[in-house]
Each structure stands twice: as C-alpha cells, then as structure tokens.
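The following exercises are to be worked with the sequence and the coordinates at hand. Each task is followed by a solution in steps.

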Amino acid sequence: MLHKFLILGSLVILSISLCAFYFKKGKPTSSIHQFKVKTLEGLDFDMASLKGKKVLIVNTASKCGFTPQYKDLEALYQQYKDKNFTIIGFPCNQFGAQEPGTSSEIHDFCTKNYGVTFLMMEKVNVKGDSICDIYKWLTNKSQNGVMSSSVKWNFQKYMIDENGFLVDYVLSFKSPLNSKITKWIEGKN
C-alpha cells in the first residue's frame with residue numbers, strides 16, 4: 001500500500017513539474033503594434049500597419065557567418081508574403097562589429113547579394129543600455145507578458161502573431177526555413 005502511495009505521489013509531482021515546464025510562458029500584455037520605427041531609407045514605419053499579419057523580426061548583419069540566412073529569409077518571405085506574413089530585418093552592429101555599414105550600404109548589400117525585398121529598418125541596438133524600444137519589448141516579459149530572452153547573436157528570430165503578440169523566438173543557428181517557423185506561419189503548431 002505504501003509503495004502504491006509513493007508511486008502515485010511521484011506521478012503527481014512529475015505531472016506538476018511537466019505542467020510548469022509547458023506553461024512557463026505568460027500571457028501577452030501588450031502588442032508590438034504600439035511602436036513606430038524608421039526604415040533603412042529613413043521613413044517612418046508604424047508597426048500598427050502590420051495588424052492581421054504574422055511577423056518574423058530578425059536582427060541582421062552583413063559580415064556574419066549567418067549572413068547567408070538572408071537568402072533563406074527572402075525565400076521564406078516570397079513563399080508566405082501573400083498569406084498574411086512578413087519579415088522585418090533590424091541591422092545591428094553589436095555582435096563582433098559585423099554590421100558597420102551605413103543605411104545605404106546595408107540596403108545595397110542586401111539587395112545586390114541576396115535580392116532582399118522584405119522590410120529592413122535602420123540599424124539598432126538589441127541589447128545593453130542603448131537597446132531600442134522594440135527589442136526592449138521583445139526581450140522583457142515585464143513588457144511583452146510572454147517571456148524574457150536575450151539576443152545571443154546576429155540573426156535571432158522573433159515570432160509575432162497577427163495581434164502583435166510575442167509568440168516565441170528561434171536562435172541564430174537555426175535556419176529561417178526550419179519547421180518551427182514554417183509550422184507557426186502555417187498555423188500547424
């Protein structure tokens with residue numbers, strides 16, 4: 001009898017632990033649609049214009065080992081852009097000084113080398129004291145309500161749902177074409 005009680009108790013503890021693991025994400029408390037940013041061309045861009053679209057936000061760099069991901073990002077964009085999906089690149093020079101270019105140089109590099117047609121914004125900081133507002137929101141559960149994270153390197157990808165809420169993120173070493181991202185876009189998660 002004691003043996004059955006111990007097994008049952010262990011199962012209850014295991015179940016509670018698994019629930020805590022699977023439900024560690026919080027609930028969204030605010031939307032990315034509150035932000036306004038600048039494009040590479042210096043134009044104002046209101047994130048509220050993305051209501052109803054899933055958005056993949058990526059911090060990019062032109063001289064990184066992950067730079068060839070621009071090709072996969074563009075392929076992903078072309079595949080899903082007509083299905084309420086878009087990509088926004090935010091160049092960043094904080095990891096190994098791998099994005100030293102001006103806005104014009106970044107634009108030329110992306111279009112000439114990778115045919116990038118998705119939105120590219122002005123260069124920003126994604127960590128530290130000078131972190132931009134969008135990345136402050138993306139990386140702080142106190143602001144987004146879902147989770148905290150830190151940007152580890154160039155080409156970390158953040159998934160935002162149609163309501164502007166943070167869903168999850170994917171680390172740099174994972175391709176933009178990986179199944180976590182494509183299943184999310186297709187609504188198969």
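Accessible areas are obtained by the Shrake-Rupley method with a 1.4 Å probe. The model is a predicted one.

**Exercise 1. The chain as a whole**

Determine the accessible surface of the chain, the share of buried residues and the order of the elements.

Solution.
Step 1. The accessible surface of the chain is about 10,200 Å², and carbon and sulfur atoms account for 58% of that area.
Step 2. A residue counts as buried under 20% relative accessible area. Of the 189 residues in the chain, 43% are buried.
Step 3. The chain contains six helices and seven strands. Read from the N terminus, these elements follow the order α-β-β-β-α-β-α-β-α-α-β-β-α.
Step 4. Contacts between residues at least 6 apart in sequence are then considered; 66% of them join residues at least 24 apart.

**Exercise 2. The open sheet**

Establish the strand order of the open sheet of five strands, and explain which strands stand at the edges.

Solution.
Step 1. The order of the five strands is 5-4-3-6-7, and the pairing is mixed.
Step 2. Strand 5 and strand 7 each have a single partner strand, so one side of each lacks a neighbour in the sheet; these two stand at the edges.
Step 3. Strand 3 and strand 6 run antiparallel and are joined by four bridges. Across this pair, Leu-56 has Met-159 of strand 6 as its bridge partner, and Val-55 stands opposite Ile-160 of strand 6.
Step 4. Strand 6 and strand 7 are likewise antiparallel, with four bridges; here Tyr-158 is partnered by Tyr-169 of strand 7.
Step 5. The hairpin of strand 6 and strand 7 has five residues between the strands, and in it Gly-164 adopts a positive phi near 85°.
Step 6. In a regular strand the side chains alternate between the two faces of the sheet. In strand 6, Lys-157 and Met-159 point one way, whereas Tyr-158 and Ile-160 point the other way; all are buried.

**Exercise 3. Two residues of the sheet**

Describe the surroundings of Asn-59 in strand 3 and of Asp-168 in strand 7.

Solution.
Step 1. Asn-59 is buried because its relative accessibility is 0%.
Step 2. Beyond neighbours within four places in sequence, the contacts of Asn-59 include Phe-90, Cys-92, Phe-95, Tyr-135 and Trp-153.
Step 3. Asn-59 and Val-124 are separated by 65 residues in sequence, yet their C-alpha atoms are 8.6 Å apart.
Step 4. Asp-168 has a relative accessible area of 13% and is therefore buried.
Step 5. The side chain of Asp-168 makes a polar contact of 3.0 Å with that of Lys-180. With neighbours within four places in sequence set aside, its contacts also include Lys-25, Met-147 and Lys-157.

**Exercise 4. Helix 2**

Show where the buried residues of helix 2 lie around its axis, and state what covers them.

Solution.
Step 1. Helix 2 has 12 residues and spans 16 Å from its first C-alpha to its last, close to the expected 16 Å.
Step 2. Its buried residues are Gln-69, Tyr-70, Leu-73, Glu-74, Leu-76, Tyr-77 and Tyr-80. They occupy an arc of only 160° around the axis and therefore lie on the same side of helix 2.
Step 3. Their cover includes strand 3, strand 4, helix 3, strand 5, strand 6 and helix 6.
Step 4. Tyr-77 serves as an example, with a relative accessible area of 15%. Not counting residues up to four places away in sequence, Tyr-77 touches Phe-85, Thr-86, Ile-87, Thr-117 and Phe-118. The C-alpha atoms of Tyr-77 and Phe-118 are 6.8 Å apart, although 41 residues separate the two along the chain.

**Exercise 5. Helix 6**

Describe the two ends of helix 6 and its buried face.

Solution.
Step 1. At the N-terminal end, Asn-178 acts as the cap, with a side-chain oxygen 2.8 Å from the backbone nitrogen of Lys-180.
Step 2. Within helix 6, which covers residues 179–186, Ile-181, Thr-182, Trp-184 and Ile-185 are buried. Viewed down the axis, these residues fall within an arc of 160°, so they line one face of the helix.
Step 3. Among the elements covering these residues are strand 3, helix 2, strand 4, strand 6 and strand 7.
Step 4. Just after helix 6, Gly-187 has a positive phi of about 75°.

Terms used. Residues are numbered from 1 along each chain as its sequence is written. This is a predicted model: local features need pLDDT of at least 70, side-chain atom pairs count only at pLDDT 80 or more; totals for chains, interfaces and linings use all residues. Side-chain values use heavy atoms; hydrogens and water are left out. Buried means under 20% relative accessible area, exposed over 50%, partly exposed in between (1.4 Å probe, protein chains only). The arc is that of the directions from the helix axis to the C-beta atoms. Contact means heavy atoms within 4.5 Å. A polar contact is a pair of N or O atoms within 3.5 Å; within protein, one must be able to donate a hydrogen and the other to accept it, and residues adjacent in sequence count only if both atoms are side-chain atoms. The expected span of a helix is 1.5 Å times one less than its number of residues. Two strands pair if DSSP finds at least two bridges between them.
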